[in-house]
Amino acid sequence: MIPNYTNVHLKFKLDNLSYKYEDLIEVAYSYVKEGLPYQQELGNFLLDWLDNHEYVVVKTSGSTGKPKKIKIKKQAMVNSAIATGDFFKLKPGDKVLHCLPSNFIAGKMMIVRAIVLGTRIRYGATISASSNRL
């Protein structure tokens, strides 16, 4: 299978649960409707990622000027996820921690990498500092 933004890797897991494309949409709705603020951010991004548009709208950090909204092609994000996975030698089933805010591009890319590369991602706010389990 060629990685594409319309696919969810078979080994992808979010908080130790496997999700197919349709299931992930339901989780996203649940996060938006009933989740804590950090879960709502993730849910909103997942809904954007799983919609039928070829791009997502993200807000720039403002590090070089006034923050603004820009469109990024989803396939470009997929390609970036693959390049990062290659650099860090990530394999399907590897464990990763999502501890970045999902309202910034770095946090959005963590979830994209997990979906595309098939990693097992734990969402940061669910883990205590003393926990050594991912």
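Start by selecting H3 and H4 in this predicted model: the two helices pack at an angle of about 75°, and their axes lie 9 Å apart. An angle between 65 and 115 degrees counts as roughly perpendicular, so that is the label for H3 against H4.

Now show the side chains where the two helices meet. On the H3 side, pick Met77, Val78, Ser80, Ala81, Ile82, Thr84 and Gly85. Their partners in H4 are Ile105, Met109, Val112, Arg113, Val116 and Leu117. Colour this H3–H4 contact by residue class and you get nine nonpolar residues, three polar and one charged.

Stay on H4 and click Arg113, which belongs to that helix. Is Arg113 buried or exposed? Its relative accessibility is 19%, and buried means under 20%, so Arg113 counts as buried. Leaving aside residues up to four places away in sequence, Arg113 touches Ala81, Thr84, Ala106, Gly118 and Thr119. If you want a distance to draw, run one from Arg113 to Leu100: they are 13 residues apart in sequence, and their C-alpha atoms are 13 Å apart.

Next, swing over to H1 and H2. Here the packing angle is about 140° and the axes are 7 Å apart. That angle makes H1 oblique to H2, because roughly antiparallel would need over 145 degrees. As for handedness, H1 passes H2 in a left-handed crossing.

To see what fills this contact, select Leu24, Ile25, Ala28, Tyr29, Tyr31 and Val32 in H1. Then add Gln39, Gln40, Leu42, Gly43, Asn44, Leu46 and Leu47 from H2. By class, the H1–H2 contact has nine nonpolar residues, four polar and no charged ones.

Last stop: the core. In soluble globular proteins, nonpolar side chains tend to be buried together. In this model, the largest nonpolar core has 31 residues, and Phe12, Leu14, Trp49 and Ile111 are the ones touching the most other members. Which elements give two or more residues to this core? Highlight helices H1 (21–34), H2 (37–49), H3 (74–88) and H4 (105–117), plus strands S3 (55–59) and S6 (120–123). H4 supplies the largest share, eight residues.

Finish by zooming in on Phe12. Again skipping residues up to four places away in sequence, Phe12 touches Leu17, Ser18, Tyr19, Leu24, Ile111, Ala114, Ile115, Gly118, Thr119 and Ile121. Two of those names should ring a bell: Gly118 and Thr119 are also touched by Arg113.

How values were computed
Residues are numbered from 1 along each chain as its sequence is written. This is a predicted model: local features need pLDDT of at least 70, side-chain atom pairs count only at pLDDT 80 or more; totals for chains, interfaces and linings use all residues. Side-chain values use heavy atoms; hydrogens and water are left out. A nonpolar core is a set of buried Ala, Val, Leu, Ile, Met, Phe, Trp, Tyr and Cys residues joined through side-chain atoms within 4.5 Å. Buried means under 20% relative accessible area, exposed over 50%, partly exposed in between (1.4 Å probe, protein chains only). Helices (H or I, at least four residues) and strands (E, at least two) are DSSP runs, numbered from the N terminus. Contact means heavy atoms within 4.5 Å. Axes are lines fitted to C-alpha atoms, for helices over the stretch in contact, and angles run from 0 to 180 degrees between N-to-C directions. Angles under 35 degrees count as roughly parallel, over 145 as roughly antiparallel, 65 to 115 as roughly perpendicular and the rest as oblique. A crossing is left-handed if the near helix is turned anticlockwise from the far one by less than a right angle, and right-handed if clockwise. Ala, Val, Leu, Ile, Met, Phe, Trp, Tyr, Cys and Pro count as nonpolar, Asp, Glu, Lys and Arg as charged, and the others, Gly among them, as polar.
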